[in-house]
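The following exercises concern the sequence and structure displayed below. Each task is followed by a solution that proceeds step by step.

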Amino acid sequence: MEEKPKIPVDIILKHLAEDADRVQDRAQKASEVLLGPLETAIATTPYEVIYQQDRVKLKHYLPMREPSKEITTPLLVVYALINRETMLDLQPERSVVKNFLQAGIDLYMIDWGYPSRKDKFLTIDDHVNGYMDDIVDHISHRCKVDKVNLMGICMGGTFCVIYSALHPEKVRNLVTTVSPTNFDTDQGLLHIWMKNVDVDLMINAFGNMPGDIMNFGFLLLNPARLMIDKYVGFMENMDNKVFVENFIRMEKWIFDSPDVPGETFRQFVKDCYQKNLLIQSKLVVGDKRVDLKKITMPLLNIYGQYDHLVPPGAADKLTGAVGSTDKEDLCLDTGHIGIYVSSKTQREFTPKIVQWLTDRDTSKKEMKVKKQPVPKTPKKAAKVSWRNRTKNTTRSKEITNA
Amino acid sequence: MDEKQSNTNASMEFFQPLMTMVTQFLSGLPGMMSGQKMSDEKATPEGHSRFSPEALLSIIKTWGTLSSAMSEPSAASALASGFATLPDIMTKFFQTGMSGFLKIHEQTTDKLKDLGKRTEAYRFENLDQDSIKVWSDFYDKEIRQYLKVPQLGLVRVYQERFYQTIDKFNVFSTTFAEFMHVLMLPMEKSFMVLHDKIEEQIREGKTPEDPHEYYRLWVKILEGHYMTLFKTSEYTKTLNETLSSYEDYLSARNQIVTDALQSLPIPTNKDLDELYDELYHLKKRVKDLEKVNKDLKKSAASGG
């Protein structure tokens, strides 16, 4: 009886021969795809710039349907200073922006622009108490409201937390997504590396923190996947026009990295990554201490289970530190970027936020309250302080009068 | 000893007539120069010459005296023995360079001996960076000191900054090479682990038929190695050293660029930074004043 070979060389060679044919065919088609017209534009949802201060612009997205009667409070989205807000509108069928507009939300977004050498002296205080506060005032004045809904992304979420603690009277609801607030964790490499960085030397040498250097650092977080496997994947699919278009859109976004103003970066690294002051309510911005207990508005805190930049340990302490009684953690089964662009999370991320905001829209509640007789003694607010760190948490609807 | 003596005698035989000839030439020069002076005065009606003839004559006379002194048998003998030590100086000079080279060569040979040895998977303690360390030590001991020699004179500050930039660049190049070496280690180790895994699969008769499986396995191993490496304190230290040396180099380079730009009619980064700083603070003040003004107007309107 013939013994089976330990290495099926014949089958491997057969596969390789088939592969060679496929590669030839793929190369042929790939050249047609790459040389033909490609739709790779990002951030195509129409908007108008309604306010500008220095390099910072405020985008107002044009409504796609009649305004929601459920959510009348405008939503301001604050992106990080690292990379660009275009990620929320990367491709038409995977656009957080579009999903919000389709839900009838009045949507505003800060475009931080490209800081130049002139901006190197700008601090966190200038961004939060300067630009952000002026923008919130502008929206409030324009929409004739006294408060806005605030949603922050990554470092933008950290800014939103600071802002909400310093200006609670201007924020109706706060949504933080993949936002680092606890920096004393060894879960993420960034947190380990940042602890020993000589940020003074860095900023004195560079002025602003160069986006390209930061990008190189992000690539180094997982070189096997981000510098090798990703491009192998591209080679294997480059005959697929839709794949190529989406891949290039992502490449455009990833490597579109503005520099971060030097003083802001210095303070962020020193006070947050190295001293972890924010979560302890010891951070001082401008001349004011950021007391997280002053965050009393409803808070929805979303983060990714597999986020390598802002790991769960960096995000899930916030709800325990704020003064709100209506607060919720939602951990999604995805990574830092996947939370906004993966088709799977697209189905739960935006709908969850829309529903959460709908449940808390004050004007709707006020209408309901008006219909009800006013009780003689005020009813105690239901205490809804809980945290659920399990995957895909869904919140029960029993909360009222929060 | 005899050989050295005969060398000295041979040098003297060559050297003495030469020095006599130089002395005769130099002693004749003043006469030639006074003739030259006459013609120069005729050529320039103002009577100005580019060189002071007196000064020139004095230099030539000094050289004449010196060369006549040197043509004395005793001085010539001393000079000749000085020439005789030249090979020694040259040998010492080359020895320094060669010892560094040999050290590197020795380390490389040692490394070649280790080629057959196995590297341990997923372990990055005591990273082997000997070859880079040898260069770094050699640079520190043999070269760096020359770049740190105190500079003298009017342009000493600029010269010092220039040498400092070269030094910083060299340090950065070394730390960067070290960093790249560390970054490449997981590659090396992952191939070894892949080899082991395939051997294991062969033993168990579980070799994948799909060639892509091998790639997927390798990427997984590589990712694991990188994750292990990145968490080590050695990696963090190397990364920080590389960053710091790059930043040091950039600062030094920017300084010499600023020095160079200062002589041109354009603003330097330093000038602009000062301006931006001033602008930043002025804008803040204007904003604060606007706020105060707004509040005052509000309270005035409300009658307060």
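**Exercise 1. Neighbours of strand β4 of chain A**

Which residue stands opposite A:V77 in β4(A)?

Solution. The model is predicted, so local features require pLDDT of at least 70, side-chain atom pairs count only at pLDDT 80 or more, and totals for chains, interfaces and linings use all residues. Residues are numbered from 1 along each chain as its sequence is written, while chains are lettered from A and ligands numbered from 1 in the order in which they are written.

Step 1. Strands (E, at least two residues) and helices (H or I, at least four) are DSSP runs, numbered from the N terminus. Two strands pair if DSSP finds at least two bridges between them.

Step 2. β3(A) and β4(A) run parallel and are joined by 3 bridges. In β4(A), the residue opposite A:V77 is A:M109.

Step 3. From β3(A) the chain passes through helix α2 (residues 96-102) of chain A to β4(A), in a right-handed β-α-β crossover (with the strands pointing away from the viewer, the path from the first strand over the helix to the second runs clockwise).

Step 4. β4(A) also pairs with β2(A), in the antiparallel sense over 4 bridges; here A:L58 stands opposite A:I110.

Step 5. A residue is buried if 20 or more other C-beta atoms, placed from the backbone, lie within 10 Å of its own. In β4(A) (residues 107-111), 4 of the 5 residues are buried, so this strand is largely enclosed by the rest of the structure.

**Exercise 2. The sheet as a whole**

Establish the strand order of the sheet in chain A, and describe its edges and the helix α4(A).

Solution. Step 1. The open sheet has 8 strands with mixed pairing, in the order β1-β2-β4-β3-β5-β6-β9-β10 (chain A).

Step 2. β1 (47-53) and β10 (327-332) of chain A are the edge strands; each has a single partner strand, so one side of each lacks a neighbour in the sheet.

Step 3. From one strand to the next, the twist averages 20°. Angles run from 0 to 180 degrees between N-to-C directions, and axes are lines fitted to C-alpha atoms, for helices over the stretch in contact.

Step 4. Helix α4 (residues 155-166) of chain A packs on the sheet and touches β3, β5 and β6 of chain A, with its direction at about 140° to that of β5(A). Contact between two residues requires their C-beta atoms, placed from the backbone, to lie within 7 Å.

Step 5. At the β1(A) edge, 6 bridges link β1(A) to β2(A) in antiparallel fashion, and A:Q52 has A:K57 as its bridge partner. These two strands form a hairpin with 2 residues between them, and A:D54 in the turn has a positive phi of about 55°.

**Exercise 3. The contact between the chains**

Which element of chain B gives the most residues to the side that touches chain A?

Solution. Step 1. Chain B comprises 8 helices and 0 strands.

Step 2. The contact takes 28 residues from chain A and 24 residues from chain B. On the side of chain B, α7(B) gives the most, with 8 residues.

Step 3. That side of chain B divides into 12 nonpolar, 6 polar and 6 charged residues. Ala, Val, Leu, Ile, Met, Phe, Trp, Tyr, Cys and Pro count as nonpolar, Asp, Glu, Lys and Arg as charged, and the others, Gly among them, as polar.

Step 4. The axes of α8 (residues 223-237) of chain A and α6 (residues 211-230) of chain B come within 9 Å and cross at roughly 145°. The residues of this contact comprise 6 nonpolar, no polar and 3 charged.

Methods: A residue is buried if 20 or more other C-beta atoms lie within 10 Å of its own, exposed if 12 or fewer, and partly exposed in between; C-beta atoms are placed from the backbone.
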